[in-house]
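Work through the exercises below with the coordinates open. Each task is followed by a stepwise solution.

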Amino acid sequence: MRAWRQVVAILVADARREARTGEALMPMLVFALVVLVVSGFAFDLPALLADQRRRLVPGILWIAIAFAMLVGQARHLLADRDEDRASGLLCAPIDRTLLFGVKWLEGILLGIALQVVLIPLAVVFFDLDLGGAWLGLAAILLACTAALSALGTLLGSVVARLGRGEALLAILVLPAAAPVLIAGVKTTAVLLAGEPLASAAPWPAVALGTAVIYAAVGALLFESVLME
Amino acid sequence: MNESSSWWKTGAPLGVAFAAGGAALVWAAMWYAPTERTMGDVQRIFYMHVPAAMNGALAFLVAAVAGIGYLVRRSERWDRVGRTAVELGTLWATIVLVTGPIWARSAWGAWWTWEPRLTTTLIAWLIFLGAILVRRIAGDPEQAARLASVIAIIGALDLPIVYKSVDWWRGNHPIVFGKGGGGLAPEMRTAFLVGALAVTLTHVVLFRLRYRLAQAEDRIVAAERLADEREGLR
Amino acid sequence: MSTLGWMFWGYLAGIVLVAGYVAWIGARLSALERRQRRIDSELGADR
């Protein structure tokens, strides 16, 4: 009971801070938008046929999502660290595993907020036809975002302790996130081709499995990162 | 100086041993071993490539175990082992990544293929480079040890997942041992043993050298801390 | 270049990498030992 109250209290406080400053979500959104626009030029998308474009779009989407997640989580966790330094929140008796869970959830929420804006924009920019694929797309986005957020929470806290930002976080997260990105891109490509989620096997399972494994490992190691 | 002469005493035999081992390895691989029937001379890279890969995997495993050991025990000794193993793993992975494309270029016609083992080695190389980077950025040695341990553990746990994913994504590495492998001719087996022995012994010697460096690093930190305290007392 | 030539460069690269690493360790060790001696003598002078 007390644990739940603590979780809700942190969520509410962080949501208030985010609503007031927009410190994580704003740069995420703008960054992802810039990636979409630059991809249009970099891959010369208007010159391509719809079929060729469909092969590139999953990769563009996942580059935008992965990098924007790094930006958002780096900002968010750095702000957390500064706040902890000021207020001594870490001295408050909250279980570190629970705290990891909260930060993981917040990363997922940031990812969802990003995708709610990004996916419609991608549909407009790249002339996509989601058709009946949107439910499968939502599922794979959620699973991969959960995996990325788990890595981002653990390693983002490492980076924040070092006082560094998204550049170091990208170096640490992206190699480890290779399976997640492969799973995301492969599944998205299958869905955009109009095929059902099941025909993307084993990738949806890989996304879900990595989310579970990274979250478990992150929860275990989080305390070692925070200790100061 | 006393210490420089002690350096010479360990350094000279070490240098001779290293030169002899290197010469034996090159001789066994380039002259002694017969030319492979289907792949031809390119197969000769195998006698260094595979032992380096095995030793690299071992070093990364040791790094992860040392990371766990450090986080549980908080002993400087585990940290020194971890510091050493992360660097050595990165060194062996570098050798694998240099020799792999030489093979791939002749055998598969391209410098790089997104083949599971080669790709996983590259990912491992990047992750453990990240661990080295974090250690260099960290302020105090305790924080450096703690954060680098976390990354080594994450990295080693991640590698089987990376391997399996890339395998499903794409796969065509030659299998020499075990299921589906053709096995080795007797001379090839001898050459491989020479290679494995040379590389593994080098690994052991490098480990001891690097561990000694780690001890010197820790001593300096302690001495400087002591000097600072005295400075503060004055 | 012939395949055997490539093999040669492959082995040379491996040996050079290891030798370079050993040289780096040696250089750092002697630098640290010098620093250690300086600190020791400073501490000794204080005593």
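What percentage of the 234 residues of chain B count as buried?

**Solution 1.** The model is a predicted one. Of the 234 residues of chain B, 49% count as buried.

**Exercise 2. Describe the fold and surface of chain B.**

Step 1. List the elements. Chain B holds six helices and zero strands. Read from the N terminus, the order is α-α-α-α-α-α.

Step 2. Take the extent. The C-alpha trace of chain B spans about 75 × 45 × 25 Å along its principal axes.

Step 3. Look at the contacts. Among contacts in chain B with a separation of 6 or more, 74% come from residues 24 or more positions apart.

Step 4. Turn to the surface. About 11500 Å² of chain B is accessible, and carbon and sulfur atoms supply 64% of that.

Step 5. Place the charges. Chain B carries 24 positive and 18 negative charges, and their mean positions lie 5 Å apart.

**Exercise 3. Describe chain C in the same way.**

Step 1. List the elements. Chain C has one helix and zero strands.

Step 2. Take the extent. Its C-alpha atoms fill a box of roughly 65 × 10 × 5 Å along the principal axes.

Step 3. Check burial. Chain C has 47 residues, and 32% of them count as buried.

Step 4. Turn to the surface. The accessible area of chain C is about 2700 Å², with 64% belonging to carbon and sulfur atoms.

Step 5. Place the charges. There are 6 positive and 4 negative charges in chain C, with mean positions 7 Å apart.

**Exercise 4. Work out which chains touch.**

Step 1. Rank the pairs. Two pairs of chains are in contact, and chains B and C share the most contacts.

Step 2. Test the remaining link. Chain A and chain C are joined by no contact. Their closest C-alpha atoms lie 24 Å apart.

**Exercise 5. Determine how helix H8 of chain A and helix H5 of chain B are oriented, and name the residues that join them.**

Step 1. Locate the helices. H8 covers residues 203-226 of chain A, and H5 covers residues 141-169 of chain B.

Step 2. Take the geometry. The two axes come within 10 Å and cross at roughly 175°.

Step 3. Classify the angle. Angles over 145 degrees count as roughly antiparallel. H8(A) and H5(B) are therefore roughly antiparallel to each other.

Step 4. Name the contact residues. From H8(A), they include Trp203(A), Val206(A), Ile213(A), Tyr214(A), Val217(A) and Leu221(A). From H5(B), they include Arg146(B), Val150(B), Ile154(B), Leu157(B), Asp158(B), Trp168(B) and Trp169(B).

**Exercise 6. Examine the backbone at Pro202(A), Asp44(A) and Asp127(A) of chain A.**

Step 1. Start with the proline. The peptide bond from Ala201(A) to Pro202(A) is cis, with omega near 5°. Pro202(A) sits in the loop between helix H7 (178-192) and H8 of chain A.

Step 2. Move to Asp44(A). Its phi is positive, about 50°, although Asp44(A) is not a glycine. Asp44(A) belongs to the loop between helix H2 (25-42) and helix H3 (50-87) of chain A. At 45% relative accessibility, Asp44(A) counts as partly exposed.

Step 3. Finish with Asp127(A). Here too the residue is not a glycine, yet phi is positive at about 55°. Asp127(A) lies in the loop between helix H4 (96-126) and helix H5 (134-161) of chain A.

Step 4. Is Asp127(A) buried or exposed? The cut-off for exposed is over 50% relative accessible area. Asp127(A) has 58%, so Asp127(A) is exposed.

How values were computed
Residues numbered from 1 in each chain as written. Chains lettered and ligands numbered in written order. Predicted model: local features only at pLDDT ≥ 70, side-chain atom pairs only at ≥ 80, totals over all residues. Heavy atoms only, no water. Helix = DSSP H or I, 4+ residues; strand = E, 2+ residues; numbered from the N terminus. Buried < 20%, exposed > 50% of the residue type's maximum accessible area, 1.4 Å probe, protein only. Areas by Shrake-Rupley, 256 points an atom, 1.4 Å probe, with all protein chains shown as cover. Lys, Arg positive; Asp, Glu negative; His and termini not counted. Charge placed at Lys NZ, Arg CZ, Asp CG, Glu CD. Axes fitted to C-alpha atoms, helices over the stretch in contact; angles between N-to-C directions. Parallel < 35°, antiparallel > 145°, perpendicular 65-115°, else oblique. Contact = heavy atoms within 4.5 Å.
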